[in-house]
Amino acid sequence: MTTTGATFKVLVVDDSNTIRRSAEIFLKQGGHEVLLADDGFDALAKVNDYQPQLIFCDILMPKLDGYQTCAIIKRNARFADTPVVMLSSKDGVFDKARGRMVGCQEYLTKPFTKDQLLQAVQQFGNSQQGAM
């Protein structure tokens, strides 16, 4: 079992049940608390209710896409410092630039590995812990 030495509350937002469950398994194996949301609106409610320390957010989702979801989270002063990592099957320069414009800290291309996911948690979770 891989651990980062600290437990973080992580929200995974993706309309794909397979991606959500994979991320949940990987993150729980890393010793983290995992919240799941299947669209942007669900994510906004969970961010408000549970204040996750890190958010993994898919880009292509119905209703509210990942860019819109991230922008709304970042506009709220309570969550402006919460790191958001975009998840997408697209890895173009434009997509990454657009993610940065709405405030995401990192961009993971799907399919991601357990190591990539846990490395992102360690990188951004530690910076969040220092801010608390």
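Me: Which backbone nitrogen does the side chain of Asp-65 reach at 2.8 Å?

Reply: That of Gln-68, and the backbone nitrogen of Tyr-67 lies 3.0 Å from a polar atom of the same side chain. The model is predicted, with local features needing pLDDT of at least 70 and side-chain atom pairs pLDDT 80 or more, while totals for chains, interfaces and linings use all residues. Residues are numbered from 1 along each chain as its sequence is written, and side-chain values use heavy atoms, leaving out hydrogens and water.

Me: Why is Asp-65 called buried?

Reply: Buried means under 20% relative accessible area, exposed over 50%, and partly exposed in between, with a 1.4 Å probe and protein chains only; Asp-65 has 18% relative accessibility and therefore counts as buried.

Me: Which residues does Asp-65 touch, not counting residues up to four places away in sequence?

Reply: Asp-65 touches Ile-59 and Arg-98, where contact means heavy atoms within 4.5 Å.

Me: What span is expected for helix α1, at 1.5 Å a residue?

Reply: The expected span is 1.5 Å times one less than the number of residues; α1 (residues 17-29) has 13 residues and reaches 18 Å from its first C-alpha to its last, close to the 18 Å expected.

Me: Which residues of α1 are buried, and why are they said to lie on the same side?

Reply: The buried residues are Ile-19, Arg-20, Ala-23, Glu-24 and Leu-27. They cover an arc of only 130° around the axis, so they lie on the same side of α1, the arc being that of the directions from the helix axis to the C-beta atoms.

Methods
A polar contact is a pair of N or O atoms within 3.5 Å; within protein, one must be able to donate a hydrogen and the other to accept it, and residues adjacent in sequence count only if both atoms are side-chain atoms. Helices (H or I, at least four residues) and strands (E, at least two) are DSSP runs, numbered from the N terminus.
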